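Trainee: I should like to learn how to read a structure, one feature at a time. May we begin with the charged contacts between chains?

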Protein chains: 2
Amino acid sequence: MKKTVVGIIGFGGMAAYHYDVLKTHPQLSFKGVYDVNPERGKVAKALGLVSYTTKEALLTDSEIELVLIATTNEVHKELSIEALRAGKHVICEKPVTLTSQELLEVMAVSKETGKIFTINQNRRTNKDFILMKRSVEAGLLGEVYHIESRVEGSRGMPSGWRTMKALGGGMLYDWGVHLIDQILFMIDEPITEVYCKCLSIEYPEVDDNFRLHLTFESGLTAQIEVATNNYITHPRWYVLGKEGTLQIDDWDCKGKIVRCIDKESVWEHEIVYTKAGPTKTMAPRRPESIETIELSEPLDVVDHLSVVYENVIEAIHGTAPLAITPEQALKVLKVMEAAFKSAGLI
Amino acid sequence: MKKTVVGIIGFGGMAAYHYDVLKTHPQLSFKGVYDVNPERGKVAKALGLVSYTTKEALLTDSEIELVLIATTNEVHKELSIEALRAGKHVICEKPVTLTSQELLEVMAVSKETGKIFTINQNRRTNKDFILMKRSVEAGLLGEVYHIESRVEGSRGMPSGWRTMKALGGGMLYDWGVHLIDQILFMIDEPITEVYCKCLSIEYPEVDDNFRLHLTFESGLTAQIEVATNNYITHPRWYVLGKEGTLQIDDWDCKGKIVRCIDKESVWEHEIVYTKAGPTKTMAPRRPESIETIELSEPLDVVDHLSVVYENVIEAIHGTAPLAITPEQALKVLKVMEAAFKSAGLI
């Protein structure tokens, strides 16, 4: 099968990463890049890529079928629309656009031109996420009623566009989009309530930390947090089911499930005398009433950018439906807008 | 000094605990009890206490100066008022009353009779709390902007009154009252926002789990959770400051502070390639830019019921102000009412 020829608009760190991990992919051929910064064009040239001096030059190159848009977020909309109108299929970096209204405009052009529009919003294949999702769906925790998803660092945000509101900075747009997408991908229910606290610890323009609470129609809740000033981190995942609890510590997938194996006679009417006084409610369980399942990395999961590109190639050829649809991205954007509203930021 | 003579109304597990740990206290003399259940009267008799057959008999015993009310919660109000009107000082078990309106009625009678009314709402002397509070107040974390306080078990709630709404059951009344009291005792600021989710995992009438979010005037936030179905627990305390993070694992006070000691040059522009893909924001800190302080039990703290009683004795004699005031309990009740309202329960 003929290779799909790719052009890149915005050749920063993320696009360079795409190129690096996919340059030898048998179905892809990276032709060239356009970047507003000529220095990045030189870098591309040194890699053997064409450096287009205008975006029009790239978009009128008839060899290019698929355009990756990896610029700062505030120009995703206009560039996506231009690329679609130039007859290209488009992969846009996340967050797809800054508002749901912008995305609706892009979706209309995708429909009008018949060209595919997708988003690299794919932490759906992250192994820690799959491990959590499989454990829940296998029923190991009984009915699940609460999910906590956290990504935390301690170095603050990198300087540059992430700190600027006009460029779509802040952690809701940067990491929130992934963590919300994972939860919506897993929980196929309407959201009934959104509550969010955004913090600006270091950067007054944007949320460099946020704490988001979602309630779904069934009553299931999710707490999603991204933080950049946490010197001690919470676990990546913490999930409560009626029959057990799951914890996954980090991206390396180390974790455990502790679950009830004796529903009868678990309650002894003793009072436990702790260092902080007596308690009946918080007395520990008898060890024989629970079991611990150690968790580890699922080895069958392919978590790679190629998953996104291979799906787009299949969708172009009509052999598979698009996996990451603009409709899904729209739902995520609407949750983010509700979060900003709850936090008093719009 | 003459011993203070104590009578007990409601001689269940909690009152028996008071008696047991204070029966040899040099300033206290426990005279007798009244309980609606005659079996408990027999238990009291076997301990050498008077078993009053009516509460009036106890309240008209002129030897008794101080009455402990340790009944179920729904009768705290009427019993407190009766005891105050009978000329007794009163220690009421927590939660003081079911509503702030009820407490206001008790406070009016305390004022009218000139008798002291206090509440055994004193996890303020718990060592884990003191350790956290001291660490924060010593500035070890820099400016603190978020506090998480959790108490979690996995055995569900004990059956009985805790599961019944009419008797003041549920975890907000049972444990929430303490955790809210600790935070309000520490943070002397108005609360600007209360958001709460109450869950009824096993007992439909009451909140057997809750998740409460408080926002204070300065922007400081607190997340308070009590859970009875968590097979893996979060740390007891987790506190975020601008310069460090504190974690205390449990009542035994094991924990640590990790704090920044190099504010300059902490940001390297590298991208870290994790199991879940590349990240710049979540790259780890260089070890030399942080320090870890191990925490352990503060040995100078007296955490004992005697603290509450000794303060009441001093307050009776006018040698010290009352430590746990009904005004403080009123604030806590108002937060609980706002929590129930946020959760859609009132």
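Mentor: We begin with a definition: a salt bridge is a side-chain nitrogen of Lys or Arg within 4 Å of a carboxyl oxygen of Asp or Glu. Please keep in mind that this is a predicted model. Across the interface of chain A and chain B, the rule finds two salt bridges.

Trainee: Which residue forms a salt bridge with A:K197?

Mentor: The partner is B:E193, and the closest N and O atoms of the pair are 3.4 Å apart. This pair crosses between chains, from strand 8 (residues 191–199) of chain B to strand 8 (residues 191–199) of chain A. B:E193 is partly exposed, with a relative accessible area of 29%, whereas A:K197 is buried at 16%. A salt bridge also joins the side chains of B:K197 and A:E193 (3.4 Å, N to O).

Trainee: How are the two copies related in space?

Mentor: The general idea is that two copies of a chain are related by a rotation about an axis and a shift along it. Here a rotation of 180 degrees, with 0.0 Å of shift along its axis, superposes chain A on chain B with an RMSD of 0.0 Å. The two copies are thus related as by a two-fold rotation axis.

Trainee: Why may one say that the copies meet through the same surface?

Mentor: One compares the interface residues of the chains: 100% of those of chain A are also interface residues in chain B, so the copies meet through the same surface. In this contact, 78 residues of chain A face 78 residues of chain B. The area buried between the chains is about 6,400 Å², and carbon and sulfur atoms give 57% of that area. The rule also finds 29 residue pairs in polar contact across the interface. The largest share of the side of chain A that touches chain B comes from strand 7 (residues 144–152) of chain A, with six residues.

Trainee: Where in chain B does B:E152 lie, and is this residue buried or exposed?

Mentor: B:E152 lies in strand 7 (residues 144–152) of chain B. The residue counts as buried because its relative accessible area is 11%, and the cut-off for buried is under 20%. B:E152 touches residues of both chains, including A:Y238, A:M282, B:A227 and B:T233. The side chain of B:E152 makes a polar contact with the side chain of B:N230 at 3.0 Å. A polar atom of the B:E152 side chain also lies 2.6 Å from the backbone nitrogen of B:H234. Residues may be far apart in sequence and yet be listed together: B:E152 and B:I232 are 80 residues apart in sequence and 8.5 Å apart in space, C-alpha to C-alpha.

Trainee: How should one read a helix, and how many residues of helix 6 of chain B are buried?

Mentor: An α-helix has 3.6 residues a turn, so residues three or four places apart point the same way. Helix 6 (residues 127–137) of chain B is mostly covered, with nine of its eleven residues buried. Among them are B:F129, B:I130, B:L131 and B:M132. The buried residues pack against several elements of chain B, including strand 7, helix 7 (171–186) and strand 16 (290–295). Just after the helix, B:G139 takes a positive phi of about 80 degrees.

Trainee: What does the side chain of B:N311 reach?

Mentor: The side chain of B:N311 reaches the backbone oxygen of B:P321 at 3.0 Å. B:N311 is found in helix 8 (residues 305–317) of chain B and counts as buried at 13% relative accessibility.

Trainee: Which salt bridge links distant parts of chain B?

Mentor: The side chains of B:E82 and B:K55 meet in a salt bridge (3.5 Å, N to O). The pair links helix 4 (residues 76–85) with helix 3 (residues 55–59) of chain B, 27 residues apart. B:E82 is partly exposed at 28% relative accessible area, while B:K55 is buried at 18%. Over all chains the structure holds 48 salt bridges. In chain A, the residues A:E148, A:R150, A:R211 and A:E225 are linked in a network of salt bridges.

Trainee: How many disulfides are there over all chains?

Mentor: A disulfide is a covalent bond between the sulfur atoms of two cysteines. In this model the count comes to zero over all chains. As for individual cysteines, B:C92 is buried with a relative accessible area of 0%, and B:C260 is buried at 9%.

Definitions and conventions: Residues are numbered from 1 along each chain as its sequence is written. Chains are lettered from A and ligands numbered from 1 in the order in which they are written. This is a predicted model: local features need pLDDT of at least 70, side-chain atom pairs count only at pLDDT 80 or more; totals for chains, interfaces and linings use all residues. Side-chain values use heavy atoms; hydrogens and water are left out. Copies are superposed by least squares on the C-alpha atoms of residues with pLDDT of at least 70 in both. Contact means heavy atoms within 4.5 Å. A disulfide is a pair of cysteine sulfur atoms within 2.5 Å. Buried means under 20% relative accessible area, exposed over 50%, partly exposed in between (1.4 Å probe, protein chains only). Helices (H or I, at least four residues) and strands (E, at least two) are DSSP runs, numbered from the N terminus. A polar contact is a pair of N or O atoms within 3.5 Å; within protein, one must be able to donate a hydrogen and the other to accept it, and residues adjacent in sequence count only if both atoms are side-chain atoms. Buried area is the accessible area (1.4 Å probe) that two parts lose on being put together, summed over both.
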